Amino acid sequence: MQSNPSFGHPMESLTITQMIKNYSVLICLVLSMILLVIASKVYPGGSVLDKNSIGFDWSKNFFSNLFETKAINGSENPGWIWATIGMAFHSIGYGIFFINMSKKLSSRPWATILKLIGAANILFIFLIATPLHDLGVLSIVFTLVGLFAITVFTFKSKLHFLKFCCIFCLLTYYIFFLLFGLGNMDLAVILQKVYTTSSMLLVLGLEYFTKQEDFIQIKLEGQKIQATNR
């Protein structure tokens, strides 16, 4: 009797689909970085610090330089399409992350806020790579609000290493804004890479090394304290 060649395909498809769903944040962020690296390799040149520089220098160019159809030195930038697609994956990854984190928190109001931040970031992070760049910068504000809320809940948990990671990540954001505001572009360019890297690592840590029980425990302990005080 001949075997049915299609037998087992639904199970395989389900498994692959489930794996993509489970690792969607990791997949999106990895693809995002790969595409940005490709874009940086073909970037003609020019930076805020030196308009005549050759190529993309990670210590002198902002990521936003990759999204322009023309490089700072005036040449056509063939890498903008790779950078734009990379930012699309980045926005989806962060959006899914905040939506997933909303399902882990025991506070319904904050869970709703994180869900809204996730949905908003899918749009606003991508706008950074478009002519609406200035509007897209709002995504950094949304991200900081979301990460601050998560930091508060993490500090009430027993996730000690992630507590340190949360504080370090937030500090890199604040220091970047301080340097950028003071016009210190030399260090601001570098800090952009630092806060981007620390933020991505924190997102991956929270996504794959925390579970709902870590934050439900916070609610249970709060209920016990209230019952004791009655």
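This is a short walk through two helix packings and the salt bridges of the structure above. Please keep in mind that the model is predicted.

Let us begin with helix α6, which covers residues 138–155, and helix α7, which covers residues 160–181. Their axes come within 10 Å and cross at roughly 150°. Angles over 145 degrees count as roughly antiparallel, so α6 and α7 are roughly antiparallel to each other. The crossing of this pair is left-handed. If you would like to find the contact yourself, look on α6 for Ile140, Thr143, Leu144, Leu147, Phe148, Thr151, Thr154 and Phe155. Their partners on α7 are Leu162, Lys163, Cys166, Ile167, Cys169, Leu170, Tyr173, Tyr174 and Phe177. Sorted by character, the residues of this contact are 13 nonpolar, three polar and one charged.

Helix α7 also packs against helix α8, which runs through residues 185–208. Here the axes lie 8 Å apart, at an angle of about 155°. The cut-off of 145 degrees applies again, and α7 and α8 are therefore roughly antiparallel to each other. Their crossing, too, is left-handed. On the α7 side, the contact includes Leu162, Cys165, Cys166, Phe168, Cys169, Thr172 and Tyr173, followed by Ile175, Phe176, Leu179 and Phe180. Helix α8 contributes, among others, Met185, Leu187, Ala188, Leu191, Gln192, Val194 and Tyr195. Farther along α8, Ser198, Ser199, Leu202, Gly205 and Leu206 take part as well. This contact divides into 18 nonpolar and five polar residues, with no charged ones. You may notice that some α7 residues appear in both contacts, including Leu162, Cys166, Cys169 and Tyr173.

Now for the charged side chains. Side chains of opposite charge can pair when their charged atoms come close. How many salt bridges does the structure hold? There are two salt bridges. One of them joins Lys60 and Asp57, whose closest N and O atoms are 3.6 Å apart. Lys60 is partly exposed, with a relative accessible area of 35%, and Asp57 is also partly exposed, at 30%.

The other salt bridge links Asp214 with Lys211, and here the closest N and O atoms are 3.6 Å apart. Is Asp214 buried or exposed? Buried means under 20% relative accessible area, so Asp214, at 17%, is buried. Its partner Lys211 is partly exposed, with a relative accessibility of 45%.

Key:
Residues are numbered from 1 along each chain as its sequence is written. This is a predicted model: local features need pLDDT of at least 70, side-chain atom pairs count only at pLDDT 80 or more; totals for chains, interfaces and linings use all residues. Side-chain values use heavy atoms; hydrogens and water are left out. Axes are lines fitted to C-alpha atoms, for helices over the stretch in contact, and angles run from 0 to 180 degrees between N-to-C directions. Helices (H or I, at least four residues) and strands (E, at least two) are DSSP runs, numbered from the N terminus. Angles under 35 degrees count as roughly parallel, over 145 as roughly antiparallel, 65 to 115 as roughly perpendicular and the rest as oblique. A crossing is left-handed if the near helix is turned anticlockwise from the far one by less than a right angle, and right-handed if clockwise. Contact means heavy atoms within 4.5 Å. Ala, Val, Leu, Ile, Met, Phe, Trp, Tyr, Cys and Pro count as nonpolar, Asp, Glu, Lys and Arg as charged, and the others, Gly among them, as polar. A salt bridge is a side-chain nitrogen of Lys or Arg within 4 Å of a carboxyl oxygen of Asp or Glu. Buried means under 20% relative accessible area, exposed over 50%, partly exposed in between (1.4 Å probe, protein chains only).
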